[in-house]
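Colleague: Got a minute to walk me through this model? I'd like to go from the overall layout down to the strand pairing.

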Amino acid sequence: MRIQRRTAWADTAISVDGVVRAVTGQDGLFVVLGASAGEHVVEAWQPGTLRSRAVIVVANGRVVDLSETLLLLGDVYPNGRIDVVDYLIGSAALGRCQGDDDFQGWLDLTANGCVGPEDIQVIVDNMGRTGPTRWSPVPSP
Ligand SMILES: [Ca+2]
């Protein structure tokens with residue numbers, strides 16, 4: 001699991017059938033143990049991203065390798081759509097940095113410590129995208 005424009009991918013919640021079962025490490029890796037045989041919906045999400053979703057079939061006692069997915073950034077108002085509301089929320093936080101009383105970490109999309117023009121650019125670049133995206137290195141809705 002990777003996140004657009006970041007080099008560390010920790011703290012992404014991994015849910016199975018809507019229940020959080022794992023959290024990624026810095027390397028973006030995770031393991032979910034004890035999934036029952038059958039079909040399951042796996043999602044990756046953290047604040048500011050569109051969900052990525054995979055539907056998997058687990059065979060009894062077998063390991064499923066989900067391969068790689070990329071989370072798209074910009075859904076700071078988390079409704080599964082990147083639109084003008086996200087743009088306005090991000091823009092209102094411009095210039096806030098870690099340590100400021102009003103800093104909100106999920107608006108620092110590129111995770112460089114401040115909400116800057118690069119964060120707003122990510123929202124603009126992904127404007128109109130909706131989630132969950134398909135579990136893939138190159139996500140599509
Ligand atoms: Ca949104």
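Here is our chat about the chain, its domains and one group of strands.

Modeller: Heads-up: this is a predicted model, where local features need pLDDT of at least 70, side-chain atom pairs count only at pLDDT 80 or more, and totals for chains, interfaces and linings use all residues. Residues are numbered from 1 along each chain as its sequence is written.

Colleague: What order do the elements of the protein chain run in, from the N terminus on?

Modeller: Helices (H or I, at least four residues) and strands (E, at least two) are DSSP runs, numbered from the N terminus. The protein chain has 2 helices and 9 strands. From the N terminus on, they run β-β-β-β-β-β-β-β-α-α-β.

Colleague: How many residues of domain 2 are in contact with domain 1?

Modeller: The domain bounds, from an automatic or database assignment, are 2–69 for domain 1 and 73–125 for domain 2. Contact means C-beta atoms, placed from the backbone, within 7 Å. On that basis, 9 residues of domain 1 touch domain 2 residues numbering 11.

Colleague: Which residue in S4 is the bridge partner of Ile 14?

Modeller: Strands pair if DSSP finds at least two bridges between them. S2 (residues 13–16) pairs antiparallel with S3 (residues 19–23) over 4 bridges, with Ala 13 opposite Val 23. S2 also runs antiparallel to S4 (residues 38–45), again with 4 bridges. There, Ile 14 has as its partner Ala 44.

Colleague: Which residue takes a positive phi in the hairpin of S2 and S3?

Modeller: That hairpin has 2 residues between its strands. The one with phi near 55° is Asp 17.
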